[in-house]
Amino acid sequence: MSSSNAALLEIARTIALEAGALAAQRRAEGVEVVDRKSSPVDVVTAADRETEALIRARLLELRPDDGFFGEESGAERGTSGLTWIVDPIDGTVNFLYGIPHYAVSIAVVEGEPGPLTWTALAGCVVNPALGEVYSASTGGGAFLGDRRLEVAPAVDLSQALINTGFAYSAEERARQGAVVAGLLPRVRDIRRMGTASLDLCGVASGRANAYFERTLSPWDHAAGALIAREAGATVKGLADAAPSRDFIIAAAPGLAAVLERQLVALGV
Ligand code: LIP
């Protein structure tokens with residue numbers, strides 16, 4: 001692990017833990033919806049905004065020359081060539097309903113801050129409800145707490161437990177539902193857990209054999225994709241593309257190719 005990546009990871013972890021504590025406190029106090037975005041079910045809570053404001057303020061203190069790209073407050077370029085990609089509360093609907101499966105996701109990337117152009121350097125995903133801290137840095141491995149993570153060995157598709165998720169758009173959900181309906185009889189089972197960053201960490205930790213989704217935002221996968229990759233998973237888009245809004249898949253190398261072929265055949 002390069003010393004600079006280690007230092008960046010420590011900043012990501014420190015701030016993600018602070019933000020996670022705030023989110024958990026706000027959850028306990030009661031959650032208020034303050035806005036809706038792409039559809040009536042794509043909600044923003046006061047805690048989303050407050051948590052992102054905390055993260056942004058702390059990064060300004062610790063890394064004033066870096067850029068910022070967050071779900072709730074947008075993007076601001078820096079001068080250092082590094083950008084922090086932030087989902088203050090990933091799994092917002094779970095958070096709203098009190099389901100203990102949501103996360104603070106913070107990644108730092110180098111280069112143009114888009115999923116097709118960035119190079120991820122470090123990332124941290126914190127599930128405050130379970131007290132679980134996933135982390136990784138490029139070349140430094142992936143961890144759950146202090147435990148090093150390794151993706152589970154590839155299994156036959158029929159034995160695979162697969163995480164996925166759905167868009168907030170009814171039209172896209174109809175398409176996604178048809179793909180899942182075709183996949184379900186071909187695999188062990190499917191889980192829709194509601195939090196992309198934790199779905200990717202699930203592949204890294206062996207809690208799922210694979211994950212795929214379409215229509216994710218950059219902040220949903222920036223940290224989790226690095227954690228899954230550093231655990232030995234293949235993490236990619238369709239064909240040879242990088243993960244993006246179009247498609248992301250994460251799985252052990254042998255399984256990723258088989259699952260991608262099956263999903264393409266189902267019209268993903
Ligand atoms: C969520 C993702 C999840 C997806 C949901 C939603 P949000 O992000 O983490 O994988 O299926 O539709 O996009 O909106 O909770 O930050």
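A residue is counted as near the ligand if one of its heavy atoms lies within 4 Å of it. In this predicted model, 16 residues surround the ligand, and those that come nearest are Asp-90, Thr-92, Phe-166, Tyr-168 and Glu-213.

The make-up of this shell is a good place to begin. By residue type, the shell around the ligand divides into six charged, five polar and five nonpolar residues. Both domains take part: domain 1 (3–148) and domain 2 (157–266) each supply at least three residues to the shell. Among the elements of secondary structure, strand β5 (residues 82–90) gives the most, with three residues. The space that the ligand takes up is the largest pocket.

Several polar contacts help to fill in the picture, and each of those described here involves an oxygen atom of the ligand. From Phe-166, one of the residues that come nearest, a backbone N or O atom lies 2.6 Å from an oxygen atom of the ligand. Glu-71 takes part through its side chain, with a polar atom 3.3 Å from a ligand oxygen atom. The side chain of Asp-220 likewise places an N or O atom 3.4 Å from an oxygen atom of the ligand. Taken on its own, the ligand has 380 Å² of accessible area, and the protein covers 94% of that area.

Turning to the backbone, two residues are worth a look for their phi values. Thr-215 sits in the loop between β13 (210–213) and α6 (218–230), and its phi is near 70°, a positive value in a residue other than glycine. Ala-239, found in the loop between β14 (234–236) and β15 (248–251), is not a glycine either, yet has a positive phi of about 55°.

Technical notes. Residues numbered from 1 in each chain as written. Predicted model: local features only at pLDDT ≥ 70, side-chain atom pairs only at ≥ 80, totals over all residues. Heavy atoms only, no water. Polar contact = N/O pair within 3.5 Å; in protein donor to acceptor, adjacent residues only side chain to side chain. Areas by Shrake-Rupley, 256 points an atom, 1.4 Å probe, with all protein chains shown as cover. 1 Å grid on protein atoms, 1.4 Å probe; cavity = no way out; pocket = protein on both sides within 12 Å on 5 of 7 lines; lining within 4 Å. Sits in = over half its atoms within 2 Å of the grid points. Helix = DSSP H or I, 4+ residues; strand = E, 2+ residues; numbered from the N terminus. Nonpolar A, V, L, I, M, F, W, Y, C, P; charged D, E, K, R; others polar. Domains from an automatic or database assignment.
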